[in-house]
Structure formats: structure tokens, C-alpha cells
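Open the model in your viewer and keep the sequence panel beside it. Each stop below says what to select and what is there.

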Amino acid sequence: MEEFKMLFKNKTTILSKCKLFISSFKPVIFVALVLVTSAIRSQETLNKSVSPASVGVWLKGDLHVHSRHSTESSNNSISKIINFSKSVKMDYVCITDHDNHVHGDVEHHTWSDPEFKSDSLLLLYGAEWTTTRGHGNVFSDKPYNHQKLFDVRDQRDVNIGKVKKLLSIHLSANHPSGKDNFGFSYDLVQSIEVWNSAFWPKNANAIMIWDDMLSSGRMMTGRGGSDAHHGVPNGSEKPTSNTYQAEYNYVGTPTTWVFAKERSLKAVVDALTQAKVSVSSNPFAPRVEFYADANGDGKFEMMMGDNIKSNGKPVKFRVQLNGNLLPDADYTITVIKNGGKFDTYNLRGSTPMIEFEDTPNPQGRTYYRVTVEGTNTPYPQVPKSMALSEKMVALSNPIYFNFNPDF
Ligand SMILES: [Zn+2]
Ligand SMILES: [Zn+2]
């Protein structure tokens, strides 16, 4: 929250930049709005697209949202978050209120709010673990004893690890660089927030930390989270000095896609842990999928999050964009191998796929991940977010060779 305020210290510059940006692209935005509408219509087909790797369903959501149970949020009731999420066709959301604002008793605040229910949106159980050594998010498919994790927040990592294991929860490092950065051992977490809020440029250090963790042999999921605190006032609600933020950053900026075995809370958390995950700048931006054919049979049996032993033979990789693509748009695909740039490829909206080949080291560890840059898809519900996301469209999780999953 404080971090987000800092971002907007220079609000007037950003605002005028955005205005300039938006006025020079008005016709483009109009065309894009029409395309967004058709994208919403085709959403169901998009979600059902079959992966060459295995059977499942792509589900999209936001893993970091604050409701009125975080004391510094404004005009952001749980029902408002849920209704908004449904209106932009989100499949799941995790409301992650600051646990210290309720002394750890998330169970009798966020989760017992009468508005905490939905017949169509999957609502994960979680909270932002808010400690003097930084912030982390918990994701769970069922209620758990969050109080226990809150109570050990100032203890040694080894004790925290024991409690985490006892509770069977997924713990994730939040905004790993900058203010309130995650200051515990990364052995405690399964994932890391590599894309926090719509404002892409500030995530550069988070990406560097992620690459360092991967290079050290950890298999760690990269995920997004809007960290949105402020909603648009409605009815009798009054605007606050932070209300303007809702136009720049809200649910879905960014959007985290998970390839889940089925539409269930458990499958979402499992996919998150297994890194069957990619992140897009907003719910209407293209989704990146990353596959590999390691045995040369023409079938791309590996996908993001998978790990196999390298046999010293060349592997074919496939990068595919799905969703709301502009046919004439150009996207730049950058392949990262072991933390460094491997190569870049140009991809056209009309044929949204590229393939490349490389031989992973048969002795040491190798990982590959991809980023997608290009023209961002408008998000009319959060109209000023695309200017903050700049050229960043999407990123994938890694495909691993020779990693020890028990690192
Ligand atoms: Zn935080
Ligand atoms: Zn937060």
C-alpha cells in the first residue's frame, strides 16, 4: 500500500504522460474496445483450449487483493471485489487482507464476512502475512488456522517452516524487492510475486531475484498480484484521496493464469505450486503458453513447471499466444536461459506461435522461460493500467532440466 502511494508521488507526471499517451491513440483504443468485447464473448472457448501437454482448463484470477478488512483500503467491500471479478470473467480470486490489522484472526474477519461467498467465482482462502521481516501471501483451498502462522511471525525460519508444514499451506513471497520485501528464507515459499501491480517497471528487481532463486536450483513459481486496495465509490460511498488508484490498478492488473486439472479451489492451488502458470498484464491480454518436445516425437509433452532429465539431445520448444491477439500486431518473444538472454523472436498476431531448438546441458541444470512484449490490450474497466504496464504483455514459468525437486 505505502509502496503503491510512493509510486504515485509523481502522480502528475504519470497522469500527464497517460493523457498524452491515450489522446494520441484514441482511434486505436476504439478499435481495441470493439475487439475486447468480442474477446469477452469468446472467453469460454479460450478457457477450453486444449494443451498439447495434458488435460485441464486454463483459469484466470488475481492472487493479491485487499478488501475493507485491511484498514488502509477504501471503498473495497468483498462484494464489490467479487462483482467486479465476475464482470471481467475472472475464474478465481484470493482476497489477501493484512493479518496484522486483525491480530491474525482472518477467520473471523475476511472469511466470515457475509459477503465472502460466490456461486461461480472460486474464492481461495488466504491472507497477507504482514511481518516486520516483510510480506508473504498464503493460498489455501480450505480454511486453515492462520492465527498459528501469525503467532510465529517473529520466530526463526525453522519454526515458521514447521508451522507452515503443519497447516499444509502454499506460502508465497510478496513484492520481493523494495518496501516490505520478503525477508525470510526462500526455502519457506513455493512461489514469488514477480509481477506486483500494473506498474511493470518496478518489477525488474523481483525478476532478478526470481532468476537467482531458479539458478540456485530451486523450482519456484513466478506469479502476479495486483495488490489493489481501493475501489470505485458507489451509492453512499465517498471518494478518498486514493480513489484515483482504481483507474490505474485494480483486480486483474496483472492476471495470473493457471492450468488446473479441473475448476476447483484445490486444482488452482495445485497448479500454482506446480508452476503451470503464466502471467498477463490484464484479463484481456494474450496468455503465453510454453511447451517442449524433449524426445523428438513431434508431441509437445512438456509444459511450464515440468522437469525432466536431459539426455544431451536437442529439445524443440514452442511458444504460443492465446486469446485477444491483434492480427497485425507484432510481439517480441524473449527466451531466458539460466537467467540470461538466449534469443529473441518476432511473432505476428495472425500466426501466434514460434518454435526454437536447444540442447540442455546433460550434466548441469538448465531452465528456460519466456517473456512477451508488444502492444498491450486495453482494459476499459481499469482504463489507465495499460500505460503503466508499458510493453509488458505476458511472462511464462520455466521448463526445467535436471532440477532436483527436493532442493
Ligand atoms: Zn504487502
Ligand atoms: Zn498487499
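Colour the chain by pLDDT, the predictor's confidence in each residue, from 0 to 100. The mean pLDDT of the chain is 89, and 87% of its residues reach 70 or more. Now select residues 1–51: there the pLDDT is below 50, and beyond near neighbours in sequence the stretch has 46 contacts in the model. Two residues are in contact if their C-beta atoms, placed from the backbone, lie within 7 Å.

This is a predicted model, so local features need pLDDT of at least 70 and side-chain atom pairs count only at pLDDT 80 or more, while totals for chains, interfaces and linings use all residues. Residues are numbered from 1 along each chain as its sequence is written, and chains are lettered from A and ligands numbered from 1 in the order in which they are written.

**The whole chain**

Switch to cartoon. The chain has 10 helices and 19 strands. Helices (H or I, at least four residues) and strands (E, at least two) are DSSP runs, numbered from the N terminus. Of the 407 residues, 49% count as buried. A residue is buried if 20 or more other C-beta atoms lie within 10 Å of its own, exposed if 12 or fewer, and partly exposed in between; C-beta atoms are placed from the backbone. Among contacts with a separation of 6 or more, 72% come from residues 24 or more positions apart.

**Strand S8 and its partners**

Select residues 255–260. This is strand S8, and six of its six residues are buried. Show the side chains. Thr255, Trp257 and Phe259 point one way, while Thr256, Val258 and Ala260 point the other way.

Which strands flank S8? Add residues 57–65, strand S1, which runs antiparallel to S8 and is joined to S8 by five bridges. Then add residues 277–280, strand S9, which pairs with S8 in the antiparallel sense over four bridges. Two strands pair if DSSP finds at least two bridges between them.

Centre on valine 258, in S8. Its bridge partner in S1 is leucine 59. In S9, valine 277 stands opposite valine 258. Why does valine 258 count as buried? It has 27 other C-beta atoms within 10 Å. Show its contacts: leaving out residues up to four places away in sequence, valine 258 touches Leu59, Val268, Ala271, Leu272, Lys276 and Val277. For a distance label, pick the C-alpha atoms of valine 258 and threonine 273: they are separated by 9.9 Å and 15 residues apart along the chain.

Next, select residues 265–273, helix H9. Ala267, Val268, Val269, Ala271 and Leu272 are buried there. Follow the chain on to alanine 275, after H9; its phi is positive, near 65°.

**From S1 to S2 and S3**

Go back to S1 and add S2, residues 92–95. S1 and S2 pair in the parallel sense over three bridges. Glycine 61 stands opposite tyrosine 92 in S2. The connection passes through helix H5, residues 78–87, and this β-α-β crossover is right-handed. That means that, with the strands pointing away from the viewer, the path from the first strand over the helix to the second runs clockwise.

Show the S2 side chains. Tyr92 and Cys94 point one way, Val93 and Ile95 the other way, and all are buried. S2 also pairs with S3 in the parallel sense, over three bridges. In S3, leucine 124 is the bridge partner of cysteine 94.

**Backbone oddities in loops**

Select threonine 253 and proline 254. A cis peptide bond joins them, with omega about 5°. Proline 254 sits in the loop between strand S7 (221–225) and S8.

Now select histidine 103, in the loop between S2 and S3 (122–131). Its phi is near 50°, a positive value in a residue other than glycine. Is histidine 103 buried or exposed? Histidine 103 is exposed, because 11 other C-beta atoms lie within 10 Å.

Move to serine 197, in the loop between strand S6 (191–196) and helix H8 (204–215). Serine 197 is not a glycine either, yet has a positive phi of about 70°. Serine 197 is buried, because 27 other C-beta atoms lie within 10 Å.

**Last stop: an open sheet**

Select S11, S10, S13 and S16. They form an open sheet of four strands in the order S11-S10-S13-S16, with antiparallel pairing. The edge strands are S11 (302–303) and S16 (353–358), and each pairs on one side only. Zoom in on S13, residues 315–322: S13 and S16 pair over six bridges. In S16, the bridge partner of valine 315 is aspartate 358.
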